[in-house]
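Work through the exercises below with the structure open. Each task is followed by its solution in steps.

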Amino acid sequence: MEEYKNFNKRLKILVSKRRDLIVNTLSNIFTMRLIGNKTHEDLAEIGMAEFINQFMYDFKSIHVGKDFFRAKEREEDIVIINEVTKSQFPLSLKAYGDGPLQLSTDSDQKMFPYLESQGKEITNKDQIAVIFATHEFADFNNINVMPLIYNEKNKQCNIMVFDHAKAIKNTARILYIGKGENYGNKKTGTPNLYVFR
């Protein structure tokens, strides 16, 4: 987690000095949305890996998403290596329009069934703290997620740095969403989403 925080700090410094580099990279990624969602998500993995390799001199990045996806092992898309310390960490990239974020696919399907057992609306702070501390939510802290956000109408894009500790501390409500065509399992049409606020 510390390595990821250090990487984010270095990325922020680079972007503040050379905003044009990240704007061009993200613009190229999101332009591919004109072809299709899957296309721009694949390009995000490759584009950000190359951005790191070309412009973040103390870091090296390897695109591993395709290998892990085929093996259905993990949801990380790239591995980042600190060239100074030789430490490495995985990173999961998400490309989204602005709005609610799906930060994890919960590939082991542990979180959703556990939340179902806790109720449809959870507002008790103690209960929320217990939820985040359970075995079912153990992976929540272990996935480094970098959402790439865009707004097509306003032609804007940005990178969101997701802070797990802050999310846990500030979550005041966990709500089951039971209706709406934008939510749910595409195969069965069954709603299957909880929102954390």
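**Exercise 1: helix 2**

The buried residues of helix 2 are Leu-21, Ile-22, Thr-25, Leu-26, Ile-29 and Phe-30 (buried: under 20% relative accessible area, exposed: over 50%, partly exposed in between, with a 1.4 Å probe and protein chains only). The model is predicted: local features need pLDDT of at least 70 and side-chain atom pairs pLDDT 80 or more, while totals for chains, interfaces and linings use all residues. Residues are numbered from 1 along each chain as its sequence is written, and side-chain values use heavy atoms, without hydrogens and water.

Task: state on which side of helix 2 these residues lie.

Step 1. The buried residues cover an arc of only 145° around the axis, so they lie on the same side of helix 2; the arc is that of the directions from the helix axis to the C-beta atoms.

Step 2. An α-helix has 3.6 residues a turn, so residues three or four places apart point the same way.

Step 3. Arg-19 and Asn-28, on the other side of helix 2, are exposed.

**Exercise 2: Asn-82**

Task: find which backbone nitrogens the side chain of Asn-82 reaches.

Step 1. Locate Asn-82 in strand 2, residues 78-82 (strands are DSSP E runs of at least two residues, helices H or I runs of at least four, numbered from the N terminus).

Step 2. Asn-82 has a relative accessible area of 5% and therefore counts as buried.

Step 3. Its side chain reaches the backbone nitrogen of Val-84 at 2.8 Å and that of Thr-85 at 3.1 Å.

Conventions
Polar contact = N/O pair within 3.5 Å; in protein donor to acceptor, adjacent residues only side chain to side chain.
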